[in-house]
Amino acid sequence: GGRRRGPLVTVSNVIAALYVQASGCYAGLPGVDPWPEERDARTYAGPWPVVAHPPCERWGRYWSGGPSAKVRRKKGDDGGCFAAALKAVRRWGGVLEHPKDSHAWAAFHLRHPPHAGGWVPADPDTHAGGHRAWTCTVEQGHYGHAARKRTWLYYVGPRPPDLRWGRAPGTFRRLDAGYHTAEERLLGEAARRAARRGALERLSARQRAATPIEFRDLLLTLARLGGTR
């Protein structure tokens, strides 16, 4: 008899990009099936591995809307978007991204990854294709963002490759008006006064939300790896 062959390993040529802008960086890419708001990514039922960008407003540090909010918000009230994204990654493989310190990790009993970087198991279960889930902290400033933009990833697939861990080198712009960087805290009150006068440049909401092309390509690479069978 001939040599017994192992299982055939296939990699998906199509990635579903969930919760993305209709005219954003995933639009028109070969091999990418974008799911903007009008398609309602909560209804995604496969069969492709996914890159998921579920909305984060109700999971972040300002989930309540802030002290000036006229309507009191409920933490995690995102219409089921994060839960659906997590289910899709677990079922089909791929990767989900959310801001560092997202309350969704605790709400869904996911392990908080180390601040300095490195992949760690995200939960004790196996998911798509018998693969484990992994989580990490990465700064999008390593991949072309104008801010450091510390991000948590949740990935299901074969063991993922190392990313660019740790603090991104260079000088970055501020993400928001209500947070002081470590550098500004060291500078003290003078820097805070300058911030209040608007002397420190901050990113617009659109700039904050934008996914850099290099980071997008990294997420697509992880999703294709996660779709390996």
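**Close-up views of a predicted model**

**View 1. Helix 6 against the sheet.** In this predicted model, helix 6 lies across strand 1, strand 2, strand 3, strand 4, strand 6 (132–139) and strand 7, and its direction makes an angle of about 20° with that of strand 7.

**View 2. The open sheet and its edges.** The sheet is built from 7 strands in the order 2-1-3-4-7-6-5, is open, and has mixed pairing. Because strand 2 (32–35) and strand 5 (120–126) each have a single partner strand, these two stand at the edges, and one side of each is left without a neighbour in the sheet. On average, and with direction ignored, neighbouring strands of this sheet are turned by 15° against each other.

**View 3. The pairing of strand 1 with strand 2.** Strand 1 and strand 2 run parallel and are joined by 4 bridges. Within this pairing, Ala17 is found opposite Pro34 of strand 2.

**View 4. Helix 1 and its surroundings.** Helix 1 (residues 81–92) has 12 residues, which at 1.5 Å a residue should span 16 Å, and the agreement is shown by its end C-alpha atoms, which are 16 Å apart. The helix lies across strand 1, strand 3, strand 4, strand 5 and strand 7, and runs at about 150° to strand 4. Its buried residues are Cys81, Phe82, Ala84, Ala85, Leu86, Ala88, Val89 and Trp92. Among the elements that cover these buried residues are strand 1 (15–18), strand 3 (50–52), strand 4 (94–99), helix 2 (104–107), strand 7 (150–157) and helix 6 (213–226).

**View 5. The residue that follows helix 1.** Gly93, placed just after helix 1, adopts a positive phi of about 85°.

Note on methods: Residues numbered from 1 in each chain as written. Predicted model: local features only at pLDDT ≥ 70, side-chain atom pairs only at ≥ 80, totals over all residues. Heavy atoms only, no water. Expected span 1.5 Å × (residues − 1). Buried < 20%, exposed > 50% of the residue type's maximum accessible area, 1.4 Å probe, protein only. Contact = heavy atoms within 4.5 Å. Pairing = 2+ DSSP bridges. Axes fitted to C-alpha atoms, helices over the stretch in contact; angles between N-to-C directions.
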